[in-house]
Amino acid sequence: MYVSELGEQFHRARLEPAITHLDAASAGRSSNAVIGTVSAHLWREAERGSYVAADDRAEEIARDKRDIAQLLGHTPDELTYRESARAALRTLLTSWSLPMASTVWVAKNEFGPNLVEFERRGYAVRPLPDGDVYGHVDTDALENMLQFEQPDFIHICHVGSMSGAVQPVARIVEVAHQVGVPVVADMAQAVGHVPTVTGADVVYGTSRKWLTGPRGVGFLAVRRDSLRPVEVDPSQSFIAGMLGLGVAVSEVLQTGQQRVFRELATIGRTTRERLDGIGSWQVLEPVDEPSAIVTLAPPPGFQNADVHQARDKLFELGLLVTAADSWRAPLAGDTSVLRISPHLDVTREQLDRLADALRTMGY
């Protein structure tokens, strides 16, 4: 039985998987329509030439930009495509005329590779205050801090790579804008997963995770009334991938994005309730955290290598999950965790299988 009411619809739209896929946070499973759109455009490019094929799909490309912009709360003219979320961040930082020795404030769930990008440019990085043990930003403390000091910008991972905690981005934007500080939101794990209209000055993300679009497509939206727009040469774009992403986004919009968000939140809650304490594995998010990323701290005495061995054993049993290491969120600690990220077609039987397997690998 599917956990989500949308599960059967989501499942029917896709190839039958050879494994139990509980790893949407790494890469979601694209629908048959997405795959068909990508492959059909590649055939058109071979038949008619790449530029002609792109011109043939100009109206679809424009419609798709409107749809993606709608998900993000931006306008289509503010949106550009890159090959990944990290490429989008690099494009932003390269194009943005920031002062030397800029300061950026980040939450404890900040993605490690993003920190590398800041350090390469000599930015001073300062952590935002935690409001609880789960790593949510304390927005009252932030508001107080901003009265005495302002960074050049705040960078926030809406949902991190190593935790299902959803940051209060809209409130962070509100208090930051009171003192003129821009906010950049990494939505790689958020778009298609949780509500993403936040008012942030810049948002960026990727196609391949919760949107279940193709790999090799990222996006960057820069609010024109806040910052200078980022210009990208469209002739170098992966048009087939852009069209595939457009189909994936249209599937979310046709289903109803708020309904998708609610269903994924329900899946997250059900997964946490089913797995917490099994074999002494402990869920690290609040049970009602409105996301479908669930992270499990290992039993006492487990080493990081043991978490990887558990991941490998689960894969041998046909269960795909991630062993998330500390490089994903180095400000949050140095312990590896198991990350479970089911999408809409997860079943209760699959969660039972995972729980039974974890029981044999715990205490």
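Helices and strands here are DSSP runs, numbered from the N terminus. The structure is a predicted model.

**Exercise 1. Place T212 and A101 in the fold, and compare their backbone and exposure.**

Step 1. Start with location. T212 lies in the loop between β7 (202–206) and β8 (218–222). A101 sits in the loop that runs between α5 (85–95) and β3 (103–106).

Step 2. Check the backbone. T212 has a phi near 55°, a positive value in a residue other than glycine. For A101, phi is also positive, about 55°, and this residue is not a glycine either.

Step 3. Apply the cut-offs: buried means under 20% relative accessible area, exposed over 50%. T212 has a relative accessible area of 2%, so it is buried. A101 has 58%, so it is exposed.

**Exercise 2. Decide whether the overall dimensions of the chain are those of a globular protein or not.**

Step 1. List the elements. The chain contains 12 helices and 13 strands.

Step 2. Compare radii. The radius of gyration is 20 Å, and the globule rule gives 21 Å for 363 residues; these are close, so the chain is as compact as a globular protein of that length.

Step 3. Add the extents. The C-alpha trace spans about 60 × 55 × 35 Å along its principal axes.

Step 4. Add burial and contact range. Of the 363 residues, 56% count as buried. Among contacts with a separation of 6 or more, 69% are between residues 24 or more positions apart.

Step 5. Describe the surface and charges. The accessible surface is about 15200 Å², and carbon and sulfur atoms hold 51% of that. The chain carries 35 positive and 47 negative charges, whose mean positions are 3 Å apart.

**Exercise 3. Identify the nonpolar cores and trace the surroundings of L72 and L79.**

Step 1. Find the largest core. It has 77 residues, and those with the most contacts inside it are L72, I154, I156, L296, L314 and L358. Helix α9 (residues 239–255) supplies the largest share of this core, six residues.

Step 2. Find the other core. A second, separate core has 20 residues, including A88, F118, A188 and L227.

Step 3. List the partners of L72. Beyond its neighbours within four places in sequence, L72 is in contact with L79, M187, V191, T196, V197, V203, F219 and A221.

Step 4. Move to L79, which belongs to strand β2 (residues 79–82). Its relative accessibility is 2%, so L79 counts as buried.

Step 5. List the partners of L79. With residues up to four places away left out, L79 touches K65, I68, A69, L72, F219, L220 and A221. One of these, F219, is 140 residues from L79 along the chain, yet their C-alpha atoms are separated by 6.9 Å.

**Exercise 4. Describe the environment of V346.**

Step 1. Locate the residue. V346 is found in the loop between β13 (337–340) and α12 (348–360).

Step 2. Classify its exposure. V346 has 2% relative accessibility and therefore counts as buried.

Step 3. Name its contacts. Setting aside residues up to four places away in sequence, V346 touches Y2, V3, L22, I267 and L351.

Step 4. Take a distance to another part of the chain. V346 and L253 are 93 residues apart in sequence, and 21 Å separates their C-alpha atoms.

Conventions:
Residues numbered from 1 in each chain as written. Predicted model: local features only at pLDDT ≥ 70, side-chain atom pairs only at ≥ 80, totals over all residues. Heavy atoms only, no water. Helix = DSSP H or I, 4+ residues; strand = E, 2+ residues; numbered from the N terminus. Rg over C-alpha atoms; globule rule 2.2 N^0.38 Å. Buried < 20%, exposed > 50% of the residue type's maximum accessible area, 1.4 Å probe, protein only. Contact = heavy atoms within 4.5 Å. Areas by Shrake-Rupley, 256 points an atom, 1.4 Å probe, with all protein chains shown as cover. Lys, Arg positive; Asp, Glu negative; His and termini not counted. Charge placed at Lys NZ, Arg CZ, Asp CG, Glu CD. Core = buried A, V, L, I, M, F, W, Y, C linked by side-chain atoms within 4.5 Å.
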